[in-house]
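Please open the model in your viewer and keep the selection tool to hand, as this tour moves from one selection to the next.

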Amino acid sequence: MSLVTVVAGSRAHRALRWGTIAAGTAVALAVPFNSSPSLNGDLTLVLCYAVAAAGLGMLVGYAGQVSLGHGAFFAVGAYTAAALLAKTDLHWLLALPAAAAVTFALGLAFGIPALRLRGIYLALVTLALAVAAGPVLKRAEPVTGGVSGLSVPQPPVPGWLAVDADQWLYLLSLAVTGVMLLIAVNLTRGSLGRSLLAIRDGERAARTAGIDVARVKTLLFATAGAYAGVGGALFAFALGFVAPESFTLLLSFTLLSAVVVGGLGTVAGAVLGALFVVFVPQYAGEVDQALTGIIYGGALIAVVYLLPGGAAGLLRRLRRRLIDVVEPTPQRGDNDAVPTSDTAPVGGQPAAGGVRP
Amino acid sequence: MERFLQVVVDGIADGSVYAALALALVLIFRSTGVVNFAQGEMAMFATFVAWALADSGVPLVLALLGALAFAFAAGMLVERVLIRPVEGGNPLNLVIVTLGLFIVVNAAAGWIWGFTLKDFPQIFPGGVAEVGGVSLSVESLGIIGVLLAVVLVLWALFTHTGIGLAMRAAAQSPASARLVGVPVGRMLMLGWGLAALLGALAGVLVAPRLFLDTNLMAGVLVYSFAGAALGGFDSPLGAVIGSWIIGITEGLAGTYVDAIGSDLKVLVPLTIIVGVLLLRPSGLFGSPEVTRA
Amino acid sequence: MSLLEIEGLTASYGPVRALHGVDLTVGAGQVVALLGPNGAGKTTTLRAVCGMVRTTGTIRFAGRDLAGTAPEKVARLGIGHVPEGRGTFGSLTVAENLRLGAYGRKDAAAVRSDTDEWYSTFPRLAERRDQQAGSLSGGEQQMLAIARALLGRPSLLLLDEPSLGLAPLVVREVFAVLGRVRAERGTGMVLVEQNAALALELADTAYVLEAGRTVLSGPAAEIRTEESVRRAYLGY
């Protein structure tokens with residue numbers, strides 16, 4: 001659904017990047033006023049996951065480190081916000097930086113020793129973190145409410161804004177997500193971004209160039225943790241309730257799936273991936289409740305085969321193809337090919353890609 | 001003292017179940033360079049096959065053998081159809097394919113057999129046996145015996161048969177193996193089949209101790225990861241010893257440390273592996289160059 | 001009929017073309033030296049014969065077209081390959097490496113006597129038969145790689161820089177064995193060597209590659225004695 005709107009925007013504004021962003025923002029702002037409260041709730045969830053996926057995407061995409069424990073950071077962020085709101089009079093706006101700070105610190109504490117490990121072993125240690133999160137949350141009852149969880153007073157709709165609660169929560173999450181994604185873009189373009197690119201291209205060379213690889217990686221790990229923490233805090237706002245069963249191992253898998261499906265290390269990919277992990281299981285469930293997992297898992301595998309570069313990569317190729325259409329002297333063959341790809345983008349993909357190794 | 005020995009033996013039995021699945025993980029890791037996250041779910045599915053066969057009146061022994069044969073064939077099929085196309089590419093793609101498979105297999109089992117708990121028939125007789133004046137559970141001793149037999153068979157297969165040697169060669173250096181005429185693709189298929197068989201064995205051994213449902217192997221998988229990581233991910237012997245250490249400490253901590261209890265038991269092995277990996281980043285028996293994700 | 005006939009061979013690694021037209025013929029029991037500077041395409045030619053790179057042109061082995069044949073099948077047709085870097089299995093023992101050399105063979109008794117023969121040819125391998133191959137010296141690994149390839153009883157042996165990194169004494173030993181193998185078994189060989197003088201002593205025919213093309217071929221004895229050719233193409 002969002003695929004179509006974004007593409008329409010880019011067609012209308014041709015290659016103008018800002019036009020695309022403006023249209024996307026406009027659509028994102030208009031959506032809650034043209035949909036149902038339950039759909040708004042789902043879209044808010046998409047935003048929570050998108051923030052977490054953006055951080056994880058930087059970690060996987062630039063440092064090449066697979067973290068299976070991002071669900072734990074998400075949980076810690078959610079519980080930090082929930083506990084602060086439930087047990088203190090802190091303003092909800094301050095709960096967000098608090099969640100970010102706690103998860104960033106946790107990321108540092110964990111990242112400094114863990115980053116000595118490589119590949120599989122790092123993945124396993126982060127997996128341990130994800131597995132441990134559930135039982136620890138249940139046990140730390142005075143803070144977390146144990147098995148029964150915590151009710152969170154949701155941020156109230158400000159008096160000057162005439163919107164419903166679901167719309168408000170969506171808009172609030174949208175604003176926070178927008179800020180976090182902007183920060184992510186700036187991070188990856190600034191000096192940190194250059195260091196990250198150098199590390200991705202080769203650690204040894206980066207080290208020779210004077211980059212403190214261990215420090216950059218640890219900071220990136222902590223930053224990715226903080227992104228998950230903010231996503232978790234938004235999640236607590238959106239649901240108004242946190243309980244251990246929301247933060248199982250599956251959540252960590254879901255976040256990693258969002259990153260891969262969306263496309264590594266791109267902001268658009270984080271949003272698209274989050275849309276995938278929220279809506280595909282849901283639509284699959286509407287087709288046949290029992291088949292939800294089969295369709296979801298099958299779609300995940302299909303994306304790996306059919307969409308190298310993830311949804312963001314597909315979008316890029318699609319946009320390129322659309323721009324080809326408006327070239328002054330189109331070839332006859334091109335004209336024939338384009339309508340099919342336009343009406344059936346996914347079906348046209350395997351033929352165009354042919355990228356199977 | 002008797003209680004202590006009982007806890008240790010039960011711990012080794014639990015550890016032996018983890019070891020069977022850990023061996024499966026190690027087998028695939030050595031040949032494909034990837035951790036198969038779906039290993040536990042594939043094992044759970046095969047365990048359901050055994051249950052369904054037994055439930056429909058097939059004698060238990062035949063039902064178990066049938067499930068193992070099913071797992072072997074399914075494992076080979078998974079390698080050929082799902083893994084081969086993404087092999088040698090970005091390891092992250094392989095990780096995601098196995099995560100997708102995890103979800104698909106779990107859902108498929110629920111779709112076919114439902115989500116209610118099933119009683120899996122006992123494989124070993126109940127009760128206890130007197131060993132050196134200590135009463136030990138027959139089931140625990142049986143599980144340990146099966147695992148030891150499996151280790152022996154695997155050892156013989158890999159060191160004393162041509163096909164085992166070819167599998168090791170294909171895992172170590174696919175290009176060189178091809179040059180001496182080893183069909184590497186077929187060896188990989190065999191490895192996945194064998195791993196699935198080992199996983200299924202873990203499934204049918206643990207199912208009578210728990211109830212059978214679609215979440216049967218989720219916990220076992222985590223412990224098996226811990227065991228494999230502790231031993232070093234490329235060492236089969238390490239995987240067995242690591243899994244035993246995990247099983248024993250889990251049992252001891254759950255029994256003797258009151259604050260831990262059954263809910264935090266899972267933290268004990270996790271703390272151990274994190275600690276060991278930080279001191280010895282390639283596990284107790286692993287080789288240092290193993291770094292692939 | 002020639003053992004190996006290569007005509008108009010091209011090969012590419014992805015988009016990069018490494019061979020532009022190699023022609024080469026090996027008669028039965030003949031030793032062919034494949035010479036030329038680094039990057040001329042010598043290794044790629046050997047890899048092409050074994051189906052390890054994408055090729056066009058014809059490669060015929062004992063009258064059979066090898067196009068599109070997988071490396072493991074090529075090996076079983078009777079082509080042994082001692083690759084660049086030797087390709088021994090470092091974590092397997094010497095004895096296991098040798099057993100793998102006979103992988104396709106069903107004649108267990110003959111394999112055993114062949115293995116014993118190789119142990120007596122290279123006594124140092126016999127002493128170290130239960131050691132991991134990775135712990136051997138470079139020369140011992142080269143002997144192991146050659147013995148392993150010949151245990152498959154190939155009619156054609158491809159050797160990629162067998163003298164590389166070896167002490168002169170060891171090089172002489174290895175080449176003496178290769179000469180004996182040719183004389184006793186009539187095994188054809190394609191020998192890629194940086195050390196052209198050494199290769200030309202053993203070879204019957206020589207081919208010189210430059211930038212992925214055959215630029216010169218002729219009897220080894222002639223090339224060895226023709227000083228202008230040596231200067232122009234072989235740099236010695």
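**Where chain C meets chain B**

In this predicted model, chain C and chain B bury about 1,700 Å² between them, and carbon and sulfur atoms give 64% of that area. Begin by selecting Glu72(C), Phe89(C) and Tyr103(C), the residues of chain C that lose the most area to chain B and that together make up 35% of what that side buries. If you then display the whole contact, you will have 19 residues from chain C and 20 residues from chain B.

Next, keep Glu72(C) and add Arg178(B), whose side chains meet in a salt bridge at 3.7 Å, N to O. Across this interface there are 2 salt bridges, along with 5 residue pairs in polar contact. Colouring helix 2 (71-77) and helix 3 (94-101) of chain C shows two elements that each supply at least two residues of the side touching chain B.

**Into the cores**

Now select Tyr49(A), Phe247(A) and Phe233(B), which touch the most other members of the largest nonpolar core, a set of 224 residues. Helix 3 of chain A (residues 37-63) gives the largest share of this core, with 17 residues. Centre on Phe247(A) and, leaving aside its neighbours within four places in sequence, look for its contacts with Phe74(A), Ala75(A), Ala78(A), Tyr79(A), Leu137(A), Phe235(A) and Val242(A). A second, separate core holds 43 residues, including Val31(C), Leu35(C), Val94(C) and Trp118(C).

**Two cysteines to finish**

Last, select Cys48(A), which counts as buried because its relative accessibility is 0%, and then Cys50(C), which is also buried, with a relative accessible area of 2%. Over all chains, the structure holds 0 disulfides.

Conventions:
Residues are numbered from 1 along each chain as its sequence is written. Chains are lettered from A and ligands numbered from 1 in the order in which they are written. This is a predicted model: local features need pLDDT of at least 70, side-chain atom pairs count only at pLDDT 80 or more; totals for chains, interfaces and linings use all residues. Side-chain values use heavy atoms; hydrogens and water are left out. A nonpolar core is a set of buried Ala, Val, Leu, Ile, Met, Phe, Trp, Tyr and Cys residues joined through side-chain atoms within 4.5 Å. Buried means under 20% relative accessible area, exposed over 50%, partly exposed in between (1.4 Å probe, protein chains only). Helices (H or I, at least four residues) and strands (E, at least two) are DSSP runs, numbered from the N terminus. Contact means heavy atoms within 4.5 Å. A disulfide is a pair of cysteine sulfur atoms within 2.5 Å. Buried area is the accessible area (1.4 Å probe) that two parts lose on being put together, summed over both. A salt bridge is a side-chain nitrogen of Lys or Arg within 4 Å of a carboxyl oxygen of Asp or Glu. A polar contact is a pair of N or O atoms within 3.5 Å; within protein, one must be able to donate a hydrogen and the other to accept it, and residues adjacent in sequence count only if both atoms are side-chain atoms.
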